[in-house]
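This report introduces selected features of a single structure to a reader who has not seen it before. It should be read with the sequence and the model at hand.

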Amino acid sequence: MSYNYVVTAQKSTAVFNCVSGNFTGPNDLNLILDKLFRLEVYLVTPEGLRILKEINIHGRILLIKSFRISNENKDYLFVLTAKFNAFIFTINRGTDPGEFQVTTLAHGILSEQIGHPSEGGAICVINPKARLIALRMYDGLLNIIKLDFKKSELKSFKVRMEETNVIDFVFLNGYESPTLCLIYQDNQSRHLKTYEISDEKEFRRGPWKQDNVESESNILIPVGEEYGGVIVIGQESIVYIVYQNNYTAIAPPGLKQSSITCYCQLDVNRFLIGDMNGRLFILILTQNNMETSGPSSSKSMSSKSNYTLKLIDLGEISIPQSLSYLDNNYIFVGSRLGDSQLVKLNLEANDSGNYITVIESFVNLAPIVDMLVVDLDKQGQDQLVTCSGFLKDGSVRIIRNGIGINEHATIDLAGIKGIWQLRVDSKLDNLIAISFVGQTKLLKLIDEEVEETQMDGFDCSKQTLYCGNIESNGQHLILQATDNGIRLLSIEQKLVVHKWKPANPISLISVNCTQIVCSSRSSLYYLEVINNELRLTNEIQMKHEISCLNISPLIKPKSKFCAVGLWKDISVQILSLPGLKLLHNEKLDGEIIPRSVLMAHFDLTSYLFTAIGDGSLLYYILDNETGTLSEKKKVILGTQPTQLKIFRTNSSANIFACSDRPTVIYSSNNKLVFSNVNLKEVNHMCTLDSSGYPDSLILTNDSQLLIGQIDQIQKLHIRTIPLGETPRRIAYQESTQTFGVITMRQDVQREDGQIVPVRTSASCLAQSITYSSSLQTIVKPLSLSAVPEQSEFDVFHLLIIDQTTFEVLHAHQFMINEYATSITSAKLGDDPNHYYIVGTAFILAEELEPKTGRIIIFHLVDGKLQQVAEKEIKGSPYQIQEFNGKLLTSINSTIRLFEWTAMHDLHNECTYFNSIVSLYVKTKGDFVIVGDVLRSITLLIYKPLNGNFEQIATDLDTAWLSGIEIIDDDTYLGADSNFNLFTIQKDTNAVTDNERSRLLPVGYFHLGDFINSMKRGSLVMNHPCEMSCPIINKPILYGSYSGSIGLIAQIPETFYNFLLNLQNNLISVIKPVGKIDYDYWRSFSNEKKSEKATNFIDGDIIESFLDLSRNKMAECVQNLTIDDPSGPRPATVDDIIKVVEELSRIH
């Protein structure tokens, strides 16, 4: 039995709707974003948008609408979910600063037992004056809700409509009775009709109708009472209709280039509209006796009314899903296909003719149509590479988990051997000392500027081993150590006040506020700074040469211990201070010497950290009284020697491990946490708190010095590689360090017949471009004359992108109507080469499914693709992957295995026939699972001796799959188009062949999001001994339509039962917004059945435990037990915090 923990690593980034208004207070201008099952509430400030609150909804949001009741000074929000839960809520400021409370005023379930949910989606309009909400959820049925907040239950009365195919409807302004205007489709064309809603809850024929409007009309915009009527937006025209046969129409040339997606109202007669090309227009409605001025525009082409329409192209934005006007010409552009934006409208055009300035962009990964998991930096940490966005907003995203460094400045400097910050006549850092072989440089900081300087008494002629500020007898001093000795400099007098020089050159040194330990080969010296002098307090001769040492204080300002690492016997010793007596000797049990030691105190525990030469880190519990070490643990930080440095952020201690895989070590709830820093290499570091760079770090590598601020928390960092065209599939080839990306570009046919790109994009800018149409091929290419007449073409390319520079090295363009559907990188048979292998299908309008396709094998040589072979196939290759040195493909309804011959040809070895459409294939050993478009999952085994596939078992339930994955040898995971997850497994207790041939359902969960891709991988680096929560195997990552990234991890049954009890407690304590039942939200449901969530734990609600107050936490831990070595005991709040925090670290 499989038990699964499902949690969101990256929340949904797509914006499906947005509304603005006064929600949190009468004087607060707010923006609310719909992000699928989460609402984000922002405050509009002069500095930009500031997040106030995230509101989690137990449902997939279909729509949100804001409204204001008369005599109220705040706005309300109406929400409808995909399972037809409806509710109205308001947001109020709490008693504490920054606290906001959400109050559900009314709620209800509006679903019907009979009726077919409309394929066009739900439509909602609100008439606050009449206190009515009109909803279309089912074809031919209108739900009318009467707003009455005296009753907490939302109830609707239903009106049957003779118009079954309603495209859009709105409430018209200027009528005493609430009047609906709707646009609908009949067998011939589209028409407008109006209805009045009577007090008797009946539909009455409205004041007017308009037959035969444009056949592609799909958006209605109600106009305010000053004008009245409605604006109808179509594919080619915009019409303003006051009443029947009284209209004004325009047909702007730019309108038919793309479909309109959304609009928002600026004022009574000006509207912003956006289209799928990412163009923003302003539509102005004026009376004929009113003059308007502005740039060239499209004016009314015909008019039977006293009004004029003008459409002005303002410029380019992200492809909009929704628009919201904020204030002072600021617009929020919500996008589900690209990054959302905050833009400003300008009165004057810029040099490119745009009237738009992008103020801020908000990263959006949606839709994630494909992804792969790869360790690009060879640092032992997976990164996620996604195909994201659509058309001009298409991109490849590189996603990595870790602590980010916000870069402020860089200086190209090679050969740095050490770096320290200094304060000279200042309360802030204003000098940087940089050590090189044979010299030291001082850099002076003046705000954000840096210049080289000198300081009397500071020895710049030698390599500095250490320097820093100290204080003695109220005087501010600088201590500098070189191999020649140690000197104290008076900052006030700008001269050396004392020196100390050993018999032999100093090789290592460690300093705290008044104590110094240094070594010269095997000699160890202990000094103290007393009365502005360096006094040698003790010295000893160690048995072996010293490799590293540390004197960092633990609890008190003065250290009791000195930690020393030795070369020859590979050990670490703890010595007492000032006596330098041996307290503890720890053999490291290896052949690699310690290179850096550090003592540190976190929370309630003291530790000794020892970095050894192979990049490993040993750490021990250090007894504060006796100096003994215990509880040895080991983690792998990198592959090269590591230097450990302690620093502080927000009064908490942290350790920076400088290495080829830089890491920050800190403590959370008395447990050490190791977080990767998103830099490739760091050799040295120090803190910096200057006027120009407050609360910063200085980090150096072999060639550069970087000044930046470190993130306070570990999070996902996203790098965008813009393509300007739609990425469809992606593969990675390690041998060439490149990505192969299948993209789709929109081209248009000019009047001379030539096909050209709509815009310049990645495939146009490649260093080298080849064309399938110009290569010799076994498939007869289509000529333009054979293609049905059309103005736009989808042209597919294979892009080769360098993993380091992200330059497009090569673009290969496929034939007309040849759609590239799959790609992999593989080494086949005994052939030593790695190939990019692409599957394509020829899509023709007259064919129900593709009948012809190709498998094309490319070899990348010196950054250029060479076509090695091709194979004609009878269908579309939906999936291609390497399988036991051969090529496994799903082609239409078949699974085919091809063998790569010595003649560079693909030979069909065997075929499996028993599918409708084989969309997905996953393998493990000789096992293959096939995901069918309708028949769910089938398990096959490949018999190498017989050279065939044998069906073992199949799931008899129907499932419209969107993704599959193998959990283990007996259990399989599926995602379907109803936004569900389910697990099935082989019946290990089966007795008959019939029972053994079935895959039995064992787990159900409603995710609420559409999964497009599932891959094995992890976004965090798992350090041995760091994690104690029992996660089984490597988790499964998924990418979704909404831009979310999730993780599905397998857990033991005992841990599942423990988390299930915690989950049930949380459900009872946390009151959901909208009062939606949690079990109803997470229940598996499709067209045929509904099942309660089983064998899945909702990680999002588990980890919400950390957001609760201490009192709420105490309620949630009731009746929970936890296992100790001595046996079960009642769990405490701290126990659960520790468990949940460990779970949160797996993503």
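The expected span of a helix is 1.5 Å times one less than its number of residues. The structure discussed here is a predicted model, and all values below are computed from it.

**Helix α6 and the loop before it**

Helix α6 has 12 residues. From its first C-alpha to its last, α6 reaches 16 Å, close to the 16 Å expected at 1.5 Å a residue. Nine of those 12 residues are buried, so α6 is largely enclosed by the rest of the structure. The buried residues include the hydrophobic-named positions Val 1133, Ile 1136, Ile 1137, Val 1139, Val 1140 and Leu 1143. Asp 1135, Glu 1141 and Glu 1142 also belong to the buried set of α6.Thr 1132 lies in the loop between β93 (1127-1130) and α6 (1133-1144). With a relative accessibility of 38%, Thr 1132 counts as partly exposed. Thr 1132 and Tyr 355 are separated by 777 residues in sequence and, C-alpha to C-alpha, by 59 Å in space.

**A sheet of four strands**

Strands of a sheet pair through backbone hydrogen bonds, either parallel or antiparallel. One open sheet in this model has four strands in the order β36-β37-β38-β39, and their pairing is antiparallel. Its edge strands are β36 (418-422) and β39 (449-453), each of which pairs on one side only. From one strand to the next, the twist averages 25°.

Strand β38 (residues 439-446) runs antiparallel to β39 and is joined to β39 by five bridges. One residue pair can be named here: Ile 446 has Glu 449 of β39 as its bridge partner. The charged end of Lys 441 sits over the ring of Phe 436, at 5.6 Å from the ring centre.

**Strand β24 and its partners**

Strand β24 (residues 279-287) has nine residues, of which seven are buried, so β24 is largely enclosed by the rest of the structure. Strand β23 (residues 270-275) runs antiparallel to β24, with five bridges between them. Within this pairing, Ile 273 has Phe 281 of β24 as its bridge partner. The hairpin of β23 and β24 has three residues between the strands, and Gly 278 in this hairpin takes a positive phi near 75°.

β24 also pairs with strand β27 (residues 307-316), in the antiparallel sense and over nine bridges. Here the bridge partner of Leu 285 is Leu 309 in β27.

**Aromatic rings**

The count of aromatic pairs in the model comes to 27. Planes under 30 degrees apart count as stacked. In the pair of Phe 67 and Tyr 76, the ring centres are 5.6 Å apart and the planes lie at 25°, so the pair is stacked. Phe 67 is buried at 4% relative accessibility, and Tyr 76 is buried at 10%.

Tyr 195 and Phe 203 form another stacked pair, with 4.8 Å from centre to centre and 20° between the planes. Tyr 195 is buried, with a relative accessible area of 11%.

One aromatic cluster is formed by Phe 602, Tyr 607, Phe 609, Tyr 619 and Phe 674. Elsewhere, Arg 60 lies over the face of Phe 979, at 3.8 Å from the ring centre.

**Backbone details in loops**

Two cis peptide bonds may be located in the loops. The bond from Ala 366 to Pro 367 is cis, with omega near -15°, and Pro 367 lies in the loop between β31 (356-362) and β32 (370-374). The bond from Leu 577 to Pro 578 is also cis, with omega near 5°. Pro 578 is found in the loop between β50 (571-576) and β51 (582-587).

Positive phi angles also appear at residues other than glycine, as the table shows.

| Residue | Phi | Loop | Relative accessible area |
|---|---|---|---|
| His 904 | about 60° | between β76 (894-900) and β77 (906-913) | 35%, partly exposed |
| Asn 1119 | about 65° | between α5 (1110-1116) and β92 (1121-1124) | 77%, exposed |

His 904 is thus placed in a loop between two strands, β76 and β77. Asn 1119, by contrast, is in a loop between helix α5 and strand β92.

Notes:
Residues numbered from 1 in each chain as written. Predicted model: local features only at pLDDT ≥ 70, side-chain atom pairs only at ≥ 80, totals over all residues. Heavy atoms only, no water. Buried < 20%, exposed > 50% of the residue type's maximum accessible area, 1.4 Å probe, protein only. Pairing = 2+ DSSP bridges. Axes fitted to C-alpha atoms, helices over the stretch in contact; angles between N-to-C directions. Phe/Tyr/Trp six-rings, centres within 6.5 Å; stacked < 30°, edge-to-face > 60°. Lys NZ or Arg CZ within 6 Å of the ring centre and 35° of its normal.
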